[in-house]
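Here is a short, friendly tour of one model, from its surface to its helix packing. Have the viewer open and follow along.

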Amino acid sequence: MTAQARVAWAFVTPVLLVTLTVLVVPTVGALLLSMTDFDIYALASLRNLRVAPLANYLALFQEPLFWRALGNTALFTVLGVPSAIGASLGAALLLDAGTARWRPVWRVLLFAPYVTTLVASALVFRYLLNTRSGLLNYGLSYLGVAPIDWLGNPHYSIPAVVLFVVWKVFGYNMVIFSAALALVPQDLHEAARLDGAGAWARFRHVTLPAIGPTLLLALLQSVANFLQIFTEPYVMTHGGPAQSTITVLYFMFNEGFAWWNLGLASAVALILFVLILILTAAQVRLGRRREWL
């Protein structure tokens, strides 16, 4: 082994060990655990543990609440990902405009929600969306709109939580998009402008292809994050009303730590892992087709 190879392995080995410890080992452990009926009785004595390779998965597919949680998670993702990406990209484009002033100040203000404490922010939003004393309903009352039970009505609960999540996370992607927009060659914009291209045409044919890899990265992260949403509905709605905000991760938490059905919870984790893996592969394939990779 050459000296250069030894140096390379010296730098790579700690990362590989950490990855093995925090990712590979828990994933394999969850896979093995999902093939058992590991519960609170098995915690007391491993003699109560029984191997049942497909029992947990069959039980999940027959559990209506699991399908409800899967549907809620899909709705969170469908509503949240475009909203978060659109808000982030829109803010980045506004800050990138030549007429924008005080850009560093605006970047700090818009990025601030991302670094605030999640639970504290969620509690503040609960008060803002309160039916009787919430600031949002107070403002709507001046428009003649009757108070809306944002967190107590199944029709509004998911959009309300999505609104909070988008407000919380869009600043992160905004900073990434701002960095990507700063690298777009201005000569291309000038050439397109001289050819008579409007603002939308320049964005579609110049800006979007240039920031394509960054857009793909933001999309991958956003889809994975929304599929794993848990804390926001847990704090704001406790999974209600009428189980309208129970997500896959929320269902897994209840099974694993409320009912101590750790084998079933592990099966949920594996299903979610495979789902994220499939969607990530599909997005990567789309990025390669558009030559973003």
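In this predicted model, a nonpolar surface patch is formed by Leu17, Val18, Leu20, Val22, Leu23, Val24, Val25, Val28 and Leu32, with about 800 Å² of accessible area together. One of these residues, Leu32, sits in helix H1, which spans residues 3–33. Leu32 counts as exposed because its relative accessibility is 55%, and exposed means over 50%.

Another exposed residue can be found in a loop. Arg132 lies between helix H6 (118–128) and helix H7 (135–141). The table sets the two side by side.

| Residue | Place | Relative accessibility |
|---|---|---|
| Leu32 | helix H1 (residues 3–33) | 55% |
| Arg132 | loop between H6 and H7 | 85% |

Now for the buried side of things. Helix H13 (residues 248–258) has Val248, Leu249, Tyr250, Phe251, Met252, Glu255 and Gly256 buried. Their cover includes helices H3 (55–61), H4 (64–96), H12 (231–236) and H14 (262–289). Just after H13, Trp260 adopts a positive phi of about 60°. From Leu249 to Arg132, the C-alpha distance is 31 Å, with their positions 117 residues apart in sequence.

How do H4 and H11 cross? The axes of H4 and H11 (residues 212–227) come within 9 Å and cross at roughly 145°, and the crossing is right-handed. On the H4 side, the contact is made by Thr73, Phe76, Thr77, Gly80, Val81, Ala84 and Ile85. Their partners on H11 are Leu215, Ala218, Leu219, Ser222, Val223, Phe226 and Leu227. An α-helix has 3.6 residues a turn, so residues three or four places apart point the same way.

Key
Residues are numbered from 1 along each chain as its sequence is written. This is a predicted model: local features need pLDDT of at least 70, side-chain atom pairs count only at pLDDT 80 or more; totals for chains, interfaces and linings use all residues. Side-chain values use heavy atoms; hydrogens and water are left out. Patches are made of residues with over 30% relative accessible area and no salt bridge: like charges are joined within 9 Å, nonpolar side chains (Val, Leu, Ile, Met, Phe, Trp, Tyr) within 5 Å. Accessible areas come from the Shrake-Rupley method with a 1.4 Å probe; for residues, only the protein chains shown count as cover. A salt bridge is a side-chain nitrogen of Lys or Arg within 4 Å of a carboxyl oxygen of Asp or Glu. Helices (H or I, at least four residues) and strands (E, at least two) are DSSP runs, numbered from the N terminus. Buried means under 20% relative accessible area, exposed over 50%, partly exposed in between (1.4 Å probe, protein chains only). Contact means heavy atoms within 4.5 Å. Axes are lines fitted to C-alpha atoms, for helices over the stretch in contact, and angles run from 0 to 180 degrees between N-to-C directions. A crossing is left-handed if the near helix is turned anticlockwise from the far one by less than a right angle, and right-handed if clockwise.
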